[in-house]
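User: Hi! I'd like to walk through this model with you, one question at a time. Could you help me read it?

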Amino acid sequence: MSNQDGELTISNDGATILQKMDVQHQVAKLLVDLSVSQDNEIGDGTTGVVVLAGALLEQAEKLLEKGLHPVRISEGFEQACDVALKNLAKIGDEIPFTKDNTAILEDIAMTTLSSKIVNVYKRKMAQISVNAVLSVADLENHDVNFDMIKMEGKPGGRLEETELIKGIVIDKEMSHPQMPKEIKDAKICILTCPFEPPKPKTKHKLDITSKEAYEKLYIREQEYFTSMVQKCKDSGANLVICQWGFDDEANHLLLQNDLPAVRWVGGVELELLAIATGARIVPRFEELTPDKLGTAGLVREVGFGTTKDRMLVVEDCKLIRGGNKMIVEEAKRSLHDAMCVVRNLIRDNHVVYGGGSAEISCSLAVSAYADTVPGIEQYAIRAFADALEDIPMALAENSGLSPITEVTTVKARQLSENNPRLGIDCNQLGSCDMKDHLVYETLVGKQQQMQLATQVVKMILKIDDVIMHGAYS
């Protein structure tokens, strides 16, 4: 896909594709919003929720042609959804994990990454995702502060060079090329005041008419610079992070005093640095004291392949490497999905099994429930069960298998063996048990998919007509 500026985006992420599309129809925009809602709430399953919504709309259209009222269809879909959600809770398994035993979390993250561009390195990417989330997780309260995780991407390397940094990554470099590129046992002062003489608040004009006047002004300016540098040195700092810039004179003086510095660091990055290093943000040089310094075991400047781009690493952020910008952006989207899955497991550590097994199990449960409903809603309930089969059908077709044959076979086996883990053998491993395939999905993610898809279809069914607003000459 390319936008109006000619920027190209290559992705198989459902939410990204829908957001980049130029959608005009109002009902289609509801499906885009549906995908965004799934992405915001769960972070994964954006394609599945749209596929399910589309299947429900297709079934609703058939029912409308047969004369069923939209209200009856909505009520039937709602009943069927409730049955499906209860069945998901029934077939879900609880997975125990600790910070020292994260193998199951990595397996579930790998399921998410299997369909992504980074699937060749899914084991390493899954480990990075799990470690990043656990670093900022509160397991006792089942909470994860996602704001403490930051992704930085740079072209000029390979995907397998992606690494997890326990600290902060800043898209900056040392202010002077001769400053050290590596600082061990760093004591960091974070400043929001510039390295320059104070400026008067009123407009003024200063005429320099002699050599003596110029030298006097120069000496005065040097005293300001020297005083600023000395205050930093006296505090014990061996690295200065400044929100504002400073001129070459100040930069040279910092170099002479063996005080490495980084300038033009954004406010958000300053706050993250302060949290990561334990530093206090200082607004004036006079307030700089040793107790306001932050500490880091290592600060290093890193380069990227043959490019001249460099970044500063203050050793829970991720540093993503890729051959070009498109690869980097897609890798960031993939890692975001994987981290969201891990976060959801920390909040609720129940899973269902993938490969369409959960949808087939729910389809069977909904069909059985339809037989007990005497009213006209039973047609809508059975239609819901048929719509659920669209996801395993799509999986089978995308794997080069016969969709009808595979789905009917798995349905029959689930009924006869009473095993809700049986799904589509997409990897052709000879087993339909998704537990053997290590293919997992979070319970909350699957429940959210069904709830959101049902809600948006009910909303669309209540629309009598779509009025398109346009300009007329």
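User: Which residues does glycine 294 touch, not counting residues up to four places away in sequence?

Analyst: Happy to help, and please keep in mind that this is a predicted model. Glycine 294 is found in strand E11, which covers residues 294–303. Not counting residues up to four places away in sequence, glycine 294 touches Ala186, Lys187, Ile188, Thr277, Gly278 and Ala279.

User: Is glycine 294 buried or exposed?

Analyst: The cut-off for buried is under 20% relative accessible area. Glycine 294 has 0% relative accessibility, so this residue counts as buried.

User: How far apart in space are glycine 294 and isoleucine 190, C-alpha to C-alpha?

Analyst: Along the sequence, glycine 294 and isoleucine 190 are 104 residues apart. In space, their C-alpha to C-alpha separation is 8.1 Å.

User: Thr277 was on that list of contacts. Which backbone oxygen lies 2.7 Å from a polar atom of the side chain of threonine 277?

Analyst: Threonine 277 lies in helix H9, residues 267–277, and at 8% relative accessibility it counts as buried. Its side chain also reaches the backbone nitrogen of alanine 279 at 3.4 Å. The backbone oxygen at 2.7 Å belongs to leucine 273.

User: Why do H4 and H12 count as oblique to each other?

Analyst: The axes of helix H4 (residues 70–91) and helix H12 (residues 377–388) come within 7 Å and cross at roughly 50°. Angles under 35 degrees count as roughly parallel, and 65 to 115 as roughly perpendicular. The crossing angle falls in neither range, so the relation of H4 and H12 is oblique.

User: Which residues in H12 do the H4 residues meet?

Analyst: H4 passes H12 in a right-handed crossing. From H4, the residues taking part include Arg72, Phe77 and Ala84. On the H12 side, the residues met are Glu377, Ala380, Ile381, Ala383 and Phe384.

User: At what angle do H13 and H14 pack?

Analyst: Helix H13 spans residues 390–398 and helix H14 residues 403–417, with their axes 8 Å apart. Pro392, Met393, Ala396 and Glu397 in H13 meet Pro403, Ile404, Glu406 and Val407 in H14. The crossing is right-handed, and the angle is about 130°.

User: Where does pLDDT stay under 50?

Analyst: The protein chain averages a pLDDT of 80, and 81% of the residues score at least 70. One stretch stays under 50, and for it the model has two contacts beyond four places in sequence. That stretch is residues 467–473.

How values were computed:
Residues are numbered from 1 along each chain as its sequence is written. Side-chain values use heavy atoms; hydrogens and water are left out. Helices (H or I, at least four residues) and strands (E, at least two) are DSSP runs, numbered from the N terminus. Buried means under 20% relative accessible area, exposed over 50%, partly exposed in between (1.4 Å probe, protein chains only). A polar contact is a pair of N or O atoms within 3.5 Å; within protein, one must be able to donate a hydrogen and the other to accept it, and residues adjacent in sequence count only if both atoms are side-chain atoms. pLDDT is the predictor's confidence in each residue, from 0 to 100. Contact means heavy atoms within 4.5 Å. Axes are lines fitted to C-alpha atoms, for helices over the stretch in contact, and angles run from 0 to 180 degrees between N-to-C directions. A crossing is left-handed if the near helix is turned anticlockwise from the far one by less than a right angle, and right-handed if clockwise.
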